[in-house]
Amino acid sequence: MSGTTATGAASTPAPMVLAEQVTKSFGSHEVLKGITLEVKRGEVMCLVGPSGSGKSTFLRCINHLEVLSAGRLSVDGELIGYREANGKLYEMAPKEAAKQRRDIGMVFQRFNLFPHMTALQNVMEAPLRVKGLPKAKVEQTARDLLARVGLADRADYYPAHLSGGQQQRVAIARALAMEPKLMLFDEPTSALDPELVGEVLDVMKGLAKEGMTMIVVTHEMGFAREVADSLVFMDAGVVVESGIPSEVLANPQHQRTQAFLSKVL
Amino acid sequence: MSGPAAGSTPPLGETGPSSEPIKAIRLRHPWRMVFAVLLVLIFVFFVIDAAFRPAYDWPAVGKYLFDRRISMAALVTIELTVFSMVIAIILGVILAVMRLSPNPVVKSVAWFYLWIFRGTPVYVQLTIWGLISLIYTSIDIGLPFMTPWISFSTNAALNTFTLAVIGLALNEAAYMAEIVRAGLLSVDKGQEEASVALGMSWSQTMTRVILPQSMRVIIPPTGNEVISMLKTTSLVTAVPFSLELFTRSRDISAETFNPIPLLIVASIWYLFFTSILMVGQYFLEKRFSRGVGDRQTNKSDAGAGGGLTGAVPIVGAGQPTVVLPPTHDTPGTPGTGGTP
């Protein structure tokens, strides 16, 4: 469940994430125009592309922060946001949707830590309130997680007194506290000072090594090349190109990919 | 430039031209002085004049200022204020949360409440509450169109004080709801998203994440409302409830045929209470705006999420509000700007 088994990838048939013709419109503006892709268990996928290409929107669809306009999206074989019975789709009650989200961790560009809680309380909040686990156990797990992201000594600090990189690492620990089977990263280093990017990427590399399934929207091509198993280039709401990161980055096939990469690399 | 200390060293200072203080002849403002002197003279004239004007009847003011009936009435005014405000705040929070609820039924109920109670004058509402026993002679608990299980007379159940509190509280709740709603909306959207993404329910998100953070915005205008309520209590004569400060003073002056000194007495008491409240509000605002200063400096590096931390531990849950000493052992200093 927590994704600690590194080699669980090949043995199970159902992919962790399966998107089929995922479409999302805001009013008349179509942001996603039929995204089809698959993320295997233990896979690290990097989503890259110019801003406004729909990467973040797609990521937010995966944990139902945005509702699809068309298409299908399932995580771990389970349809997101809907229940299927007798060939009909039923909208999920908020409670059920919340239950699905528990297993999907999300890390935001702006960290979104709870400012009125210490780092430790931030990490403990969801396991305590959502899972209702005993406090002592939750605290122990939370301290372990903070140690894992290298912030054992910052447990009692409020977010305001942590650097951006430290805040983002707390945010990762907070997401991990729910023992997700899938982690979504929405430009996790874009709001950081350049010298703080490394510490966050290191934590993410560690996670990837432990076999966590991850979808990372990022502009860090170095990270994509080094850590990701697959790279998907999106533009204007469609998947333009995808493949093994080193190949796509070294030898982009599509003109739009070439144009984008020439600017960021 | 580290952590909370960042606020004390404004970055602008570094770019100042030279450290030598500027020596220049100060710009003069002669007219300010003229106006100030003029105003003081007018004021002194007014005071001297008032002191000798018989209509003010200062000896009577002194006599009634600490009259037992008056001080008791002042106490009742305080009671009315406190009871109504407590109910109004609780009800206001509930209404605000209802208005922001995703449930359209709940939302409409809150909207309807606001429409009624904010759309009619409080004086009219208080008068209607006073007549409630004419409209509903008894309060019945039970199923409609059947013999009630419990029934009691409205007049016996609700005295005028209770009616006054109900009238004031229900009216005020509508205004409190808007204040609380503004507070809730002031919390960054990312907070709700982060909470929801963790699998927290809507009510958990509200009570654990959004409400605590909205306090900084809610508290100052609520202080205003308390002061306003203290004065609005003078309207409960519409119920009619007559034991509060203003109505009591009017009643006494009706006996003495000497209204002016009693109006002054009432005003002095109101001013005394509002002054206390203003001092209290000053400290509350200071308490809850703490960190808003370093919110600005932090904003650049921490983004929206971190930036809002200005509010540091508002509810704190018994946590001491630690403003940690600047730590220099961290690689990243929060004072630096965050350009991606």
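# Helices, cores and unusual backbone angles

Visitor: Do helix 4 and helix 11 of chain B pass in a left-handed or right-handed crossing?

Guide: Helices here are DSSP runs (H or I, at least four residues; strands are E, at least two), numbered from the N terminus. A crossing is left-handed if the near helix is turned anticlockwise from the far one by less than a right angle, and right-handed if clockwise. For helix 4 and helix 11 of chain B the crossing is right-handed.

Visitor: What kind of model are we looking at?

Guide: Residues are numbered from 1 along each chain as its sequence is written, chains are lettered from A and ligands numbered from 1 in the order written, and side-chain values use heavy atoms, without hydrogens and water. Local features need pLDDT of at least 70, side-chain atom pairs count only at pLDDT 80 or more, and totals for chains, interfaces and linings use all residues, since this is a predicted model.

Visitor: At roughly what angle do the axes of helix 4 and helix 11 of chain B cross?

Guide: Axes are lines fitted to C-alpha atoms, for helices over the stretch in contact, with angles from 0 to 180 degrees between N-to-C directions. Helix 4 spans residues 68–99 and helix 11 residues 202–232, and their axes come within 10 Å. They cross at roughly 145°.

Visitor: How many nonpolar residues does this helix contact have?

Guide: Contact means heavy atoms within 4.5 Å. Among the residues that meet are B:Ile78, B:Met85 and B:Val93 from helix 4, and B:Trp202, B:Leu211 and B:Met229 from helix 11. Counting Ala, Val, Leu, Ile, Met, Phe, Trp, Tyr, Cys and Pro as nonpolar, Asp, Glu, Lys and Arg as charged, and the others, Gly among them, as polar, there are 4 polar, 1 charged and 11 nonpolar residues.

Visitor: Which helix gives the largest share of the largest nonpolar core?

Guide: A nonpolar core joins buried Ala, Val, Leu, Ile, Met, Phe, Trp, Tyr and Cys residues through side-chain atoms within 4.5 Å, where buried means under 20% relative accessible area, exposed over 50%, and partly exposed in between (1.4 Å probe, protein chains only). The largest core has 76 residues, with A:Phe58 and A:Leu73 among those with the most contacts inside it. The largest share, 12 residues, comes from chain B's helix 9 (residues 160–186).

Visitor: Which residue does B:Val239 join through a cis peptide bond?

Guide: Look in the loop between helix 11 and helix 12 (245–256) of chain B. There, with omega about 10°, the partner of B:Val239 is B:Pro240.

Visitor: What is the relative accessible area of A:Asn112?

Guide: A:Asn112 sits in the loop between strand 8 (104–107) and helix 3 (119–131) of chain A. Its phi is positive, near 55°, in a residue other than glycine. A:Asn112 counts as buried because its relative accessible area is 4%.
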